[in-house]
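Biologist: I've got this protein up on my screen and I'd like to walk through it with you. Can we start with the overall picture and then work down to single residues?

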Amino acid sequence: MNFTVEERGNPNSLSYRLFFKNAEEKYISPFHDIPMYADESQNIFHMVVEVPRWTNAKMEIATKDLLNPIKQDVKKGKLRYVANVFPHKGYIWNYGAIPQTWEDPAHKDGDTGCCGDNDPIDVCEIGSKVCSRGEVIKVKALGVLAMIDEGETDWKVIAINVEDPEASNFNNISDVQRLKPGYLEATIDWFRRYKVPDGKPENRFAFNDEFKDKDFAIEVIKSTHKFWKALISQETNAGELNCKNTSVSACGSPYCCSADEAKKAVGETCPCGKEEPIPTSVDQWFYYEKK
């Protein structure tokens, strides 16, 4: 399956949006219309890349907006960038989400004791390529980290692009530990401390800060897919989430979005314009002694 993106608004501004299209050039939702599986028999998943490696802009699928375009997170009216906490620069993986998954905020996880964070499940892709924002790649899960973020369960799937030259060497989390020593420790360090420059406490993790293996990760992904199915079939209260889609819900469903409605919605946004400068403060780096 081929997917393309269309930029709207001015990059690095509040107006910026990245809309998705399918192979027929029709607008779709990356949250709902891109299948979770790229190859179900092999447990190969689609991943929507929100943040390319080494960049700082906190881009994410806009779960509350029509068609769920990628846009930059906003805090107190300003665009949000993650800080460079020594020794890291921006995101240290290609970061994104698996479509058709949802961490249900009403479900208390039996392992973590915390409810979901109301978002699609997050993915850290560890391959050699720096991906592009909005790129849809095929990944295999290697393991998963259970982060507790402000009292919510926020799973972080560790995965690799199946087209990566080294993909055949990575089949479980132990392979990452063996072939990329220090990367998993750096991943925990990144997630533990990335909010500290904003005045937030360090994040914590379930399972004594340990990564769970591939089989555990796949089961977590499948469980979040079940939560998404309940969401899209209106068995679960969507709250503020926008569940409009062009291919999943049957005609007559309040979640069904026609091609004309989708095209009109995109047309009402600002056309792609001049890129705004990134604040120089984004390149500032922070150092503090680890506890």
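## Surface, pockets and a few odd residues

Modeller: Sure, and keep in mind that this is a predicted model. As a starting point, the protein chain exposes about 13,700 Å², and carbon and sulfur atoms supply 48% of that area.

Biologist: How many helices and strands are there in the protein chain?

Modeller: The C-alpha atoms fill a box of roughly 55 × 45 × 40 Å along the principal axes. Inside that box, the count for the protein chain comes to four helices and 17 strands.

Biologist: And why does the protein chain count as being as compact as a globular protein of its length?

Modeller: Start from the globule rule, which gives 19 Å for 291 residues. The chain counts as that compact because its own value is close to this, with a radius of gyration of 18 Å.

Biologist: What share of the residues in the protein chain is buried?

Modeller: Buried here means under 20% relative accessible area. With that cut-off applied to the 291 residues, the buried share is 52%.

Biologist: Among contacts between residues at least 6 apart in sequence, what percentage join residues at least 24 apart?

Modeller: Here we leave out pairs that sit less than 6 apart in sequence. Of the contacts that stay in, the share joining residues at least 24 apart is 67%.

Biologist: On to the pockets. Which residues lie nearest the centre of the largest pocket?

Modeller: That pocket holds about 920 Å³ of space. Several elements supply at least two lining residues each, among them β6 (59-61), β14 (136-149), β15 (152-161) and α2 (183-193). Of the 38 lining residues, the ones nearest the centre are Lys58, Glu60, Asp73, Arg80 and Asp119.

Biologist: How many residues of that lining are charged?

Modeller: The lining of the largest pocket has 14 nonpolar residues and four polar ones. The charged residues in it number 20.

Biologist: You listed α2 there. Which residues of α2 are buried?

Modeller: α2 is mostly covered, with eight of its eleven residues buried. Those buried residues are Tyr183, Leu184, Thr187, Ile188, Asp189, Trp190, Phe191 and Arg193.

Biologist: Which residues line the second largest pocket?

Modeller: This pocket has a volume of about 240 Å³. Its lining divides into two nonpolar, no polar and five charged residues. By name, they are Lys75, Lys76, Lys78, Leu79, Arg80, Tyr81 and Asp198.

Biologist: What about closed spaces: which residues line the largest cavity?

Modeller: There is one cavity of 30 Å³ or more, and the volume of the largest is about 30 Å³. Its lining splits into three nonpolar, three polar and one charged. The residues are Pro11, Asn12, Ser13, Tyr16, Met59, Gln72 and Arg133.

Biologist: Let's look at arginine 80. Is arginine 80 buried or exposed?

Modeller: Arginine 80 is in the loop between β9 (78-79) and β10 (84-85). Leaving aside neighbours within four places in sequence, its contacts include Lys58, Asp73 and Tyr194. Its relative accessibility is 16%, and the cut-off for buried is under 20%. So arginine 80 counts as buried.

Biologist: How far apart in space are arginine 80 and lysine 58?

Modeller: The two are 22 residues apart in sequence. From C-alpha to C-alpha, the distance between arginine 80 and lysine 58 is 5.8 Å.

Biologist: Any unusual backbone spots? Which residues does a cis peptide bond join?

Modeller: Most peptide bonds are trans. In this chain, a bond with omega of about 10° is cis. One partner is in the loop between β10 and β11, and the bond joins phenylalanine 86 and proline 87.

Biologist: Lysine 76 has a positive phi. Is lysine 76 buried or exposed?

Modeller: Its phi is near 55°, and lysine 76 sits in the loop between β8 and β9. The cut-off for exposed is over 50%. At 81% relative accessibility, lysine 76 therefore counts as exposed.

Biologist: Asparagine 68 also has a positive phi. What is the relative accessibility of asparagine 68?

Modeller: Asparagine 68 lies in the loop between β6 and β7, with phi near 50°. Asparagine 68 counts as buried, and its relative accessibility is 0%.

Definitions and conventions. Residues are numbered from 1 along each chain as its sequence is written. This is a predicted model: local features need pLDDT of at least 70, side-chain atom pairs count only at pLDDT 80 or more; totals for chains, interfaces and linings use all residues. Side-chain values use heavy atoms; hydrogens and water are left out. On a 1 Å grid over the protein atoms alone, a cavity is a set of points where a 1.4 Å probe fits but cannot get out, and a pocket is an open set with protein on both sides within 12 Å along at least five of seven lines; lining residues have an atom within 4 Å of a point. Grid points are joined across faces, edges and corners, and a volume is the space filled by probe spheres set on the points. Ala, Val, Leu, Ile, Met, Phe, Trp, Tyr, Cys and Pro count as nonpolar, Asp, Glu, Lys and Arg as charged, and the others, Gly among them, as polar. Buried means under 20% relative accessible area, exposed over 50%, partly exposed in between (1.4 Å probe, protein chains only). The radius of gyration is taken over C-alpha atoms; the globule rule is 2.2 Å times the number of residues to the power 0.38. Contact means heavy atoms within 4.5 Å. Accessible areas come from the Shrake-Rupley method with a 1.4 Å probe; for residues, only the protein chains shown count as cover.
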